[in-house]
Amino acid sequence: MDTQAAPAAAAQAAPLLTPPRLWNPGAAVGWSLLLSPVFGAVLQMKNWQAMGETTKAFDAKLWAVGMAVAIFGVTLALVVLPQSRLLDALGHAVGLPLLIGWYYATAKAQVTRVAALYGRQYPRRGWGRPLLAGLGAVLGVILFILVLDALLESLR
């Protein structure tokens, strides 16, 4: 029996990584219910970067950009196009499927990966700045919609 093989195998089984400072990925998903999945995808991208997972960080960035474009496009259509039942249904039906799709496509993987690598033993990043930025972005979009709607109404 090789006495050096057992310690080497144990060292390979346990990650020797120093945990990076991360936002709790489960909490990021929860905040995405309020602030949109774009918010969660951006935090997820930053977490993947901190973990050294550049490919997954790029995938999260694609999700963030794609969801932002989809949300902006549907919102713009709701403001600019004439009202219809189909358009209203589309506007109401976009958010939840985007959130669910994002969760199962990428967010759940980060929740699982962080738990497997670090458990609860990793330094946390603060929520103040991201929550203020997310809230500011949501309020900015609402303000943009209100101004655009008022402008279009004055032209009609």
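**Exercise 1. Determine how many helices and how many strands the protein chain has, and describe their order along the sequence.**

Solution. Start by counting the elements: in this predicted model, the protein chain has 7 helices and 0 strands. Next, read along the sequence, where the pattern of the protein chain is α-α-α-α-α-α-α.

**Exercise 2. Find what share of the residues in the protein chain is buried, and what share of the accessible surface belongs to carbon and sulfur atoms.**

Solution. Take the residues to begin with: of the 156 residues in the protein chain, 28% are buried. Then turn to the surface, where the accessible area of the protein chain comes to about 10100 Å², and 68% of that area belongs to carbon and sulfur atoms. A further step concerns the contacts in the protein chain with a separation of 6 or more, of which 78% are accounted for by residues 24 or more positions apart.

**Exercise 3. Decide whether Gln110 is buried or exposed, and list its contacts beyond its neighbours within four places in sequence.**

Solution. Locate the residue: Gln110 lies in helix α6, which covers residues 95-118. Its relative accessible area is 1%, and buried means under 20%, so Gln110 is buried. Finally, when the neighbours within four places in sequence are left aside, Gln110 is in contact with Pro25, Gln44, Asn47 and Trp48.

**Exercise 4. Describe the backbone and the surroundings of Ser36.**

Solution. Begin with the position, since Ser36 is placed in the loop between α2 (25-35) and α3 (37-50). The phi angle of Ser36 is positive, at about 95 degrees, although Ser36 is not a glycine. For the exposure, the relative accessible area of Ser36 is 22%, a value that falls between the limits of 20% and 50%, so Ser36 is partly exposed.

**Exercise 5. Classify the ring pair of Tyr118 and Tyr122 as stacked, tilted or edge-to-face, and find which charged residue sits over the ring of Tyr122.**

Solution. A search of the whole structure finds 3 aromatic pairs. The ring centres of Tyr118 and Tyr122 are 6.3 Å apart, with their planes at 55 degrees; because this angle is neither under 30 degrees nor over 60, the pair is tilted. Both Tyr118 and Tyr122 are buried. As for the charge, the charged end of Arg124 sits over the ring of Tyr122, at 3.9 Å from the centre of that ring. Another arginine, Arg125, lies over the face of Trp23, at 4.1 Å from the ring centre.

Note on methods
Residues are numbered from 1 along each chain as its sequence is written. This is a predicted model: local features need pLDDT of at least 70, side-chain atom pairs count only at pLDDT 80 or more; totals for chains, interfaces and linings use all residues. Side-chain values use heavy atoms; hydrogens and water are left out. Rings of Phe, Tyr and Trp (its six-membered ring) pair if their centres lie within 6.5 Å; planes under 30 degrees apart count as stacked, over 60 as edge-to-face and the rest as tilted. Buried means under 20% relative accessible area, exposed over 50%, partly exposed in between (1.4 Å probe, protein chains only). A charge sits over a ring if NZ of Lys or CZ of Arg is within 6 Å of the ring centre and within 35 degrees of the ring normal. Helices (H or I, at least four residues) and strands (E, at least two) are DSSP runs, numbered from the N terminus. Contact means heavy atoms within 4.5 Å. Accessible areas come from the Shrake-Rupley method with a 1.4 Å probe; for residues, only the protein chains shown count as cover.
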